[in-house]
Amino acid sequence: QILRRTRYDEEDSSKVGIVRLLSNGVYKAAYPLHDGSANRDNHKSGFLCTRRILFKEWGAWRSAFKRQPLWLIKRYFGDKIGLYFAWLGFYTSFLVWPAIFGIIVFLYGVFTVDKDWNYPTNDICDLSGIGNITLCPICEEHCPFVKLSQSCILAKLSYFFDNDFTVVFAIFMSFWATAFMEFWKRRQAVTQWEWDLTND
């Protein structure tokens, strides 16, 4: 904030801030100084710096399922990075619903792979019927003829992920994507208002 407000020309009061110097090409980049060590506490001052708090509470594996300290992230990294991590956290938490539904679709495939109405897989695996058909070699030289039934395991594995319920999952994902965008617009507006970013 100090670098953004400091005048760099004593005669012209409009020449203010590091952002203008960056846009004019005077500097290639500008980074704020760190406010303390991330690896050890500052016992002399008696307080933890923002960098140390983020390292202990946000950057640790044990904090993977905790809420992100977005205010500290914004304070340390800036508005744009803070808003990015706000989006990333919201997106990750919103992915729980497709994950749960995707597991249900996968389990449906696992439990119905051997059912009688699963005609494609049953036909491929049927040694006395279509599965006994001989297929052409997959290459021109030195490749043997193979039976269709040799791809039985692959057909079953494919059915786990691509079964009748996958169409329902695709419809669900289209609604999920629309809902995600609308809920994120709302969350983004609230975050921008809380962080006073409405004019940026």
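Helices (H or I, at least four residues) and strands (E, at least two) are DSSP runs, numbered from the N terminus. This is a predicted model, in which local features need pLDDT of at least 70 and side-chain atom pairs count only at pLDDT 80 or more, while totals for chains, interfaces and linings use all residues. Residues are numbered from 1 along each chain as its sequence is written, and side-chain values use heavy atoms, with hydrogens and water left out.

**View 1. A nonpolar patch on the surface involves helices α6 and α8**. Welcome to the outside of the model: Ile103, Phe106, Leu107, Val110, Phe111 and Phe161 form this patch, with about 590 Å² of accessible area together. Accessible areas come from the Shrake-Rupley method with a 1.4 Å probe, and for residues only the protein chains shown count as cover. Patches are made of residues with over 30% relative accessible area and no salt bridge (a side-chain nitrogen of Lys or Arg within 4 Å of a carboxyl oxygen of Asp or Glu); like charges are joined within 9 Å, and nonpolar side chains (Val, Leu, Ile, Met, Phe, Trp, Tyr) within 5 Å. Helix α6 (residues 96-112) gives the most, with five residues. Phe161 sits in helix α8 (residues 152-161) and is exposed, at 61% relative accessibility. Here, buried means under 20% relative accessible area, exposed over 50%, and partly exposed in between (1.4 Å probe, protein chains only).

**View 2. Cys139 and Cys143 are joined by a disulfide**. The structure holds one such link (a pair of cysteine sulfur atoms within 2.5 Å). Its S to S distance is 1.6 Å, and with 105° about the S-S bond, the link of Cys139 and Cys143 is right-handed. Cys139 is partly exposed at 30% relative accessibility, and Cys143 is partly exposed too, at 26%.

**View 3. Trp71 and Trp195 form an edge-to-face pair**. The whole structure has 23 aromatic pairs. Rings of Phe, Tyr and Trp (its six-membered ring) pair if their centres lie within 6.5 Å; planes under 30 degrees apart count as stacked, over 60 as edge-to-face and the rest as tilted. For Trp71 and Trp195, the centres are 6.1 Å apart and the planes at 70°. Trp71 lies in helix α4 (residues 70-77) and Trp195 in the segment after α9 (166-194), so the pair ties together parts that are 124 residues apart in sequence. Trp195 is buried, with a relative accessible area of 6%.

**View 4. Phe90 and Phe94 form a stacked pair**. Their ring centres are 5.4 Å apart, with the planes at 25°. Both residues belong to helix α5 (residues 79-94), four residues apart, about one turn of the helix. Phe90 is buried at 8% relative accessibility, and Phe94 is buried at 15%.
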